[in-house]
Amino acid sequence: MSVADVQRSVTAELDRIAPVIDSLGEAFAADGHELALVGGPVRDAMLGRPHNDLDFTTSARPEETEKILRTWGEALWDMGRDFGTIGTRKGPWQVEVTTYRSEAYSADSRKPEVAYGTSLADDLVRRDFTVNAMAVRLPGREVVDLYGGVVDLATRVLRTPGTPEDSFSDDPLRMMRAARFAAQLGFEVAPEVVAAMKDMASRISIISAERVRDELVKLICAPYPRRGLTLLVETGLADLVLPELTALRMERDEHNRHKDVYEHTLTVLEQSIDQESRLGGGPDFVSRFAALMHDVGKPRTRKFHDDGTVSFHHHDVVGAKMTRKRMKALRFSNDEIEAVSKLVELHLRFHGYGDGDWTDSAVRRYVRDAGDQLQRLHVLTRADCTTRNRRKADRLARTYDALEARIERISEEEELAALRPALDGNQIMSLLDIPPGRDVGAAYKFLMDLRLDEGILSEDEAAKRLLDWWAERDSMR
């Protein structure tokens, strides 16, 4: 992309959003205030990536902004008032206007200290990267580029407006953002920025787990996550936010062949992304993060044998526990934690399928254990094949094709997606004349095992088998 291409793209985008930016600029000018479109919307306009979420900066204080937007917009929200931000909606556009400001973290603070600025130049210099430090003054549409953002955008480089040390001191989360933007935009990070990230990585510890998590999710869901993850590992940031990933670098795969586990993991992530159409289209964070974490149990389970081989027995179970612990530390939701951990724990299950010698009962249990993560497990299992041996890769693919075909056939025959016994808890209690408690759970498990082993039973047959089991159980007490 040339500078001329960038200029053409921004002109076209400004024309598209003219109905909102021109009228809003005129409204602020009429009240004696400066206004500029700023940050991500300007960057994306230059990249030819239109969207309807628009950020503005202004000389007006929040109360003055609120007064203007209340008349100009169609709705109003002020959740960001403490940071100088007032939001509104205008037709299809979501608009947020923020007073010129500066912010910085003290040596041990988790929250920035916010102060209002006095000029657009002061506001731009505090921004994270030059490609985000460009603005368009309104209503005249004058492009303001004080730090070479247009050239950096054209050459696909991430630099900071001032020194990276000052930028990362102001907000250490910007180090994570550097990795995230590398993953989102496919840009190279300038050497001086990488050096500062290495020197200042420990500063990330003052940032809340929630903010780190949000950046990590954006990075992993970006088009080029390998770029961002590699940067986190190389700068030492991963040691603090995702140390399980760094630990994989020194481990060889179980075949001790072409790739260490770290490279294998990044390849599995990319191959899982290639299959996201199976999940309805991407990006799918749960699927991607499971791919990233699926082998994190290997460093703790590695064992060398006398014949020169290496094993990682039970790394699936250990890895699931490690995944759960890391995701809890990063404040992920319980649903996300359980979904990813389940996939990590089950990612080896298919390898017991051999040449297709599982019984129908084993197939049912595979589906039962995967539950609502079955489609993601299909993706992860297929992505986990990174062998360069084409014959082996084709054989594994054919075998998994066969397993999926069996699952589909049994599902059609038995409604496998609704895998449950013929009698529910209320029916069990009524039949056995017992109150709620452990006995009901034991009876339900007995019926579920029957369902898995023998397929669908009628209610009458299930009731007869349950009564026989209960009588035998009672006689043994």
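In this predicted model, R137 of β8 has E142 of β9 as its bridge partner. That pair belongs to a run of antiparallel strands. The briefing then moves to helix α8, the largest pocket and the largest cavity.

**Strands β1, β8 and β9**

- β8 (residues 135–138) and β9 (residues 142–144) run antiparallel and are joined by three bridges.
- The two strands, β8 and β9, make a hairpin with three residues between them.
- R141 sits in that turn and has a positive phi of about 65 degrees.
- β8 also pairs with β1 (residues 35–38): four bridges join them, again in antiparallel fashion.
- Within this pairing, V38 has A135 of β8 as its bridge partner.

**Helix α8**

- α8 covers residues 173–185, 13 residues in total.
- From first C-alpha to last, α8 reaches 18 Å, close to the 18 Å expected at 1.5 Å a residue.
- The helix is mostly covered, with twelve of its 13 residues buried.
- The buried set in α8 includes the arginines R174, R177 and R180.
- Also buried in α8 are L173, M175, M176, A178, A179, F181, A182, A183 and L185.
- Just after α8 comes G186, with a positive phi of about 75 degrees.

**The largest pocket**

- The volume of the largest pocket is about 1200 Å³.
- It is lined by 33 residues, and D55, E96, R101, R127 and R177 are the closest to its centre.
- R177 is also one of the buried residues of α8.
- α8 gives the most to this lining, with seven residues.
- At least two lining residues each come from α3 (40–46), β2 (53–58), β5 (93–99), β6 (101–104), α8 and α10 (209–220).
- By class, the lining holds 18 charged, eight nonpolar and seven polar residues.
- Domain 1 (1–152) and domain 2 (163–248) each supply at least three residues to the lining.

**The largest cavity**

- How many cavities of 30 Å³ or more does a search of the whole structure find? The search finds one.
- The largest cavity has a volume of about 30 Å³.
- Its lining consists of E13, I17, L37, P41, H51 and L54.
- Four of these lining residues are nonpolar, one is polar and one is charged.
- L37 lines this cavity, and β1 spans residues 35–38.
- P41 is another lining residue of the cavity, and α3 spans 40–46.
- L54 lines the cavity too, and β2 spans 53–58.

Technical notes. Residues are numbered from 1 along each chain as its sequence is written. This is a predicted model: local features need pLDDT of at least 70, side-chain atom pairs count only at pLDDT 80 or more; totals for chains, interfaces and linings use all residues. Side-chain values use heavy atoms; hydrogens and water are left out. The expected span of a helix is 1.5 Å times one less than its number of residues. Buried means under 20% relative accessible area, exposed over 50%, partly exposed in between (1.4 Å probe, protein chains only). On a 1 Å grid over the protein atoms alone, a cavity is a set of points where a 1.4 Å probe fits but cannot get out, and a pocket is an open set with protein on both sides within 12 Å along at least five of seven lines; lining residues have an atom within 4 Å of a point. Grid points are joined across faces, edges and corners, and a volume is the space filled by probe spheres set on the points. Ala, Val, Leu, Ile, Met, Phe, Trp, Tyr, Cys and Pro count as nonpolar, Asp, Glu, Lys and Arg as charged, and the others, Gly among them, as polar. Domain bounds come from an automatic or database domain assignment. Two strands pair if DSSP finds at least two bridges between them.
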